[in-house]
Amino acid sequence: MNKVIFVDFLDFSGAPGVQLVSLLHGPPGTDYQKIHEEVGAVKAWTPVALTGKVVRKESPKSRRPLKALEQKTPNEQQNEQQNEQQNEQQNEQPSEPQSEPPKVEVAVPEKDVLPAIKRSTARQNQEVEIIPEAVHVLNDVDDIMFTKDAKFTLADRHLQLRTEDTLNRALRHRAEVASICRSELEKLGFLEVETPILFKPTPEGAKEFFVPSRYTGMMYSLIQSPQQYKQILMASGVHRYYQFARCFRDEDLRADRQPEFTQLDLEMSFAGAQDVMEAVEVLIKTIWAQRRKAGAQYTNFPLRRIPYQTAISTYGSDKPDLRYDHSRIRDVTVLLPHLQNGDPDVVVEAFVLEAHDGIPLNPALPLVKAADYIDEIHDRAFARPGLDEMEKEFPFISFGSKAARNVELLERSGFDTRSQIQNFMCARDGQIVIVQARRKQFSGGTSNIGNIRDIMLRMGYFRGIVARSPFDQLVWITDFPLFKPQSDTEIDPGQGGAAGLSSNHHPFTAPRLQDLHLLETDPLKVKAQHFDLVINGEEIGGGSARIHNSELQRYILKDIIKIPDNRLSQFDHLLKVLGSGCPPHAGMALGFDRLMAILVGTETIRDVIAFPKNGKAQDLLIGSPSTVSDAELAPYHLAWKYR
């Protein structure tokens, strides 16, 4: 048996770390051999109650080698410990009389602490080191393979949270940031109000989850967002509202989506878009100052603002990652007018992938030459699924280095325009140029050329040949189109109108006053009082000034979107409230999960949610969704229909 056993105790409340030092021999009066045997028999991650004596604070200077402890007799160890304690007390408090070493009790009920024992393979820098007097096992541990490299899945989420420090810290950071948000919003006069989760089906734009009721033919829906309730609050005399709202949408589960998620929801009456953006900037500035610390000084407030069309034409995205504020897209229509095919509503765009060598752009990677990887990045970008759909109307053209894709299309009246484009784009030898045409009137999130640009920049960064700013880049995207062409997909059902268009944000967004005259004649050209907050290429939140006039709201729903009467009636409650003298108001919803993912530095919001769903919207630990019987469905007037 080892003469000395070191064991780390983990306290998930964030209390100081404790390291147990069990000695085979010790001072008289305690059966150290029995305790030593008990400690040696305890499995890893066992919850225990511990009583013992503090030996010393652990620090690099005060550590002694393990061998030194093993070579000393119990009496020598006891004398040395007493001398150390006396010296520490004399140095720190010379006027105080000496006292017995304090006893530390951990995990006793009155302290509401339940640490877990973790077998230590090396002496770690714990804050408290104690010699045990008693160890009481509070529960057994099943035969679970706890190894240094063990990785648990979502089916064992409790073990993931217990053993992965990053996940445990993420939950603590989440609570701390939520506390900051509450404090700052309440300083600004916001009132936290909870709104119902059980709502009714309304065509706001996202696909809903339905909840059966005991009323024949009637169902609830889980709320997509508190949008309508918070507008009702503005008409109810609540001046400024906020809440951490649980929201539910039956959407595709990409890395930044979950069927249920949390958003920091807020609304202000007698306010417009500018007022909301200023309030949110105060909040974000405080969060960055407290959570980003050193990097916060490089985030300038007020934040930069980019109109939607400028973002699309410059970066190819309505959520540009300005850490890559290079390789910008440029209009080359004047050089390649033949690619318009005679259509003046078509624009031809191009960008140069700015790659470098000999510079440590990514400190995690060794220095490499751009020429070693640039062709690989090009080929992988154009080998991704969905390329055929992206080239359905306008093909991609690429040239430079060894890349050559549809270069014959660059010939104009027998003249090869490649050198002209390279000069216009300031492209160096060996750099790749990407060209594609698109429709000028664009209402989507990312253009095709913007999608390829984003893919190539990210791959280039991780290969170490594309530069990226090390600091967070925050930006407002403004002046979105109010409407977009109707999508018939299940994921984006729109409002189900007959006009062939739907709201770009939601149907309660106010149009810009200067565009009101276009509503009837050319609604797709109407700009919205809508804004998005984008951080490092992620849409963190969206907001807008709302329609507060019931007649304008009815006009847009009925005469512009052309919602059928039976669906229009689903908004009767809102129209009634707006007609009661509702003041002008505006608001925003911040995706709290996405915000936390950025703050803790993870690629997926699953890492900042205690119990996330997997890619199939399943909770593997709990086993949801689960089946229900015909008898359980009967009270809701439902029955299974088997195919």
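Which residue in β26 does glutamate 267 stand opposite? Select glutamate 267 and look across to β26: the residue there is glycine 587. This is a predicted model, so keep that in mind at each stop.

**The whole chain**

Start with everything shown. The protein chain has 18 helices and 26 strands. Of its 643 residues, 46% are buried. Turn on a surface next. The chain exposes about 32800 Å², and carbon and sulfur atoms supply 51% of that area. Now think about contacts between residues at least 6 apart in sequence: 71% of them join residues at least 24 apart.

**Stop 1: β12 and its two partners**

Select residues 260–269. This is strand β12, and nine of its 10 residues are buried. Add residues 240–248, which form β11. β11 and β12 pair in the antiparallel sense, over nine bridges. For one pair to check, pick alanine 245; its bridge partner in β12 is glutamine 263.

Now add residues 585–591, strand β26. β26 pairs with β12 as well, again in the antiparallel sense, here over seven bridges. The opening pair belongs to this pairing: glutamate 267 faces glycine 587 in β26.

**Stop 2: a five-stranded open sheet**

Move on to the sheet ordered β14-β15-β20-β16-β17. It is open, and its pairing is antiparallel. Which strands are at the edges? Select 330–331 for β14 and 403–405 for β17; each of these edge strands pairs on one side only.

Zoom in on β14. Two bridges join β14 to β15, residues 346–352, and the two strands run antiparallel. Pick arginine 330 and find its bridge partner in β15, alanine 350.

**Stop 3: helix α9**

Select residues 374–381, helix α9. Colour its buried residues: Ile374, Asp375, Ile377, His378 and Ala381. Look down the helix axis. The buried residues fall within an arc of 160 degrees, so they line one face of α9. The general pattern helps here: an α-helix has 3.6 residues a turn, so residues three or four places apart point the same way.

What do the buried residues of α9 pack against? Show β16 (397–400), β17, β20 (433–439) and α12 (448–463); these are the elements they pack against. Three of those names are familiar from the previous stop, as β16, β17 and β20 are strands of the open sheet.

**Stop 4: proline 481**

Jump to the loop between β21 (474–478) and β22 (483–485), where proline 481 sits. Is proline 481 buried or exposed? Its relative accessibility is 5%, so proline 481 counts as buried. Set aside neighbours within four places in sequence and list its contacts: Tyr308, Phe442, Ser443, Asn504, Val526, Lys527 and Ala528.

Next, put a distance label between the C-alpha atoms of proline 481 and proline 511. These residues are 30 apart in sequence and 8.9 Å apart in space.

**Stop 5: threonine 509**

Finish in the loop between β23 (501–503) and α13 (518–521), at threonine 509. Threonine 509 is buried, with a relative accessible area of 2%. Where does its side chain reach? Show the backbone oxygen of histidine 506: the side chain of threonine 509 reaches that atom at 3.2 Å.

Then select the residues in contact with threonine 509, leaving aside neighbours within four places in sequence. They are Leu482, Ala528, Gln529, His530, Ser544, Ala545 and Ile547. Keep Ala528 highlighted: Ala528 is in contact with threonine 509 and also with proline 481.

Methods
Residues are numbered from 1 along each chain as its sequence is written. This is a predicted model: local features need pLDDT of at least 70, side-chain atom pairs count only at pLDDT 80 or more; totals for chains, interfaces and linings use all residues. Side-chain values use heavy atoms; hydrogens and water are left out. Two strands pair if DSSP finds at least two bridges between them. Helices (H or I, at least four residues) and strands (E, at least two) are DSSP runs, numbered from the N terminus. Buried means under 20% relative accessible area, exposed over 50%, partly exposed in between (1.4 Å probe, protein chains only). The arc is that of the directions from the helix axis to the C-beta atoms. Contact means heavy atoms within 4.5 Å. Accessible areas come from the Shrake-Rupley method with a 1.4 Å probe; for residues, only the protein chains shown count as cover. A polar contact is a pair of N or O atoms within 3.5 Å; within protein, one must be able to donate a hydrogen and the other to accept it, and residues adjacent in sequence count only if both atoms are side-chain atoms.
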